Amino acid sequence: MEQELISTREATVSAMSIEKINIKKYNEAEVELKKWQDRTNLAIEKGNDYLALEALKRQKFFSIKVNNLKVAIQEQMILSSCLKLSLFALSNKVAEAKIFRDKVANFEYQEVSEISMMESDYVSDDLKILKRQLDQL
């Protein structure tokens, strides 16, 4: 269970860093788009059709890039949010398991075996559900 918590934490950090990288790329692409929009307008004002056409091609390229990065950022934000929630839930389950382990240590052997089976099934089921949710992401 501790290993799953560590791997979930690593996946969350990775998703958040990818999100930040995509935001940086998006901002850079927006600047380039604006630059080529200005150059297109300037070429049209000057009456240079060739430069206007070339600038328009680059403007279109960066427009597509901006739109693609916008979609990627939205998807990454959803993934990051899901991983954060999963990490929080898994952290709570680990804490519950530790508390349960400490309580079990205080009971007699026979009581431990009966309670342990019921509680471990509960924790195990919750972990299986969380693992399935993470695998779906």
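Leu33 touches Gln59, Phe62, Ser63 and Val66, leaving aside residues up to four places away in sequence. The model is a predicted one, and Leu33 is found in its helix α1. With a relative accessibility of 14%, Leu33 counts as buried, because the cut-off for buried is under 20%. Lys60 stands 27 residues from Leu33 in sequence, and the two C-alpha atoms are 8.1 Å apart in space.

Leu33 belongs to a series of buried positions in α1: Leu5, Thr8, Thr12, Ala15, Glu19, Asn22, Tyr26, Ala29, Leu33, Trp36, Thr40 and Ala43. The helix that carries them covers residues 2-46, which makes 45 residues. At 1.5 Å a residue such a helix should span 66 Å, and the C-alpha atoms at its ends are 66 Å apart, so the expected and the computed values agree. Just after α1, Gly47 adopts a positive phi of about 80°.

Glu19, also in helix α1, is a charged member of the buried series. Side chains of opposite charge can pair when their charged atoms come close. Glu19, however, has no salt bridge although it is buried, and the nearest side chain of opposite charge, that of Lys84, is 5.7 Å away. That distance does not meet the salt-bridge criterion, because the nitrogen and the carboxyl oxygen must lie within 4 Å. What Glu19 does have is a polar contact of 3.0 Å between its side chain and that of Ser80. Beyond four places in sequence, Glu19 touches Gln76, Met77 and Ser80.

The protein as a whole has three helices and zero strands, and its elements run α-α-α from the N terminus on. Helix α2 covers residues 49-106 and includes Ala97. Ala97 has a relative accessible area of 17% and is therefore buried. Its C-alpha atom is 9.2 Å from that of Met1, a residue 96 positions away along the chain. Across the protein, 80% of the contacts between residues at least 6 apart in sequence join residues at least 24 apart.

The salt bridges come to a count of four. One of them joins Asp38 and Lys34, with the closest N and O atoms 3.0 Å apart. Both residues lie in helix α1, four residues apart, about one turn of the helix. Asp38 is partly exposed at a relative accessible area of 39%, and Lys34 is partly exposed at 46%.

In helix α2, Lys57 forms a salt bridge with Glu54, the closest N and O atoms being 3.4 Å apart. These two residues are three apart in α2, so about one helical turn separates them. Lys57 is partly exposed, with a relative accessible area of 49%, and Glu54 is partly exposed with 28%.

Glu96 and Lys93 form another of the salt bridges, at 3.6 Å from N to O. They too lie in helix α2, three residues apart, about one turn of the helix. Glu96 is partly exposed, its relative accessible area being 35%, whereas Lys93 has 13% and is therefore buried.

Of the 137 residues of the protein, 26% count as buried. The accessible surface comes to about 10000 Å², and carbon and sulfur atoms account for 57% of it.

Conventions
Residues are numbered from 1 along each chain as its sequence is written. This is a predicted model: local features need pLDDT of at least 70, side-chain atom pairs count only at pLDDT 80 or more; totals for chains, interfaces and linings use all residues. Side-chain values use heavy atoms; hydrogens and water are left out. The expected span of a helix is 1.5 Å times one less than its number of residues. Buried means under 20% relative accessible area, exposed over 50%, partly exposed in between (1.4 Å probe, protein chains only). Contact means heavy atoms within 4.5 Å. Accessible areas come from the Shrake-Rupley method with a 1.4 Å probe; for residues, only the protein chains shown count as cover. A polar contact is a pair of N or O atoms within 3.5 Å; within protein, one must be able to donate a hydrogen and the other to accept it, and residues adjacent in sequence count only if both atoms are side-chain atoms.
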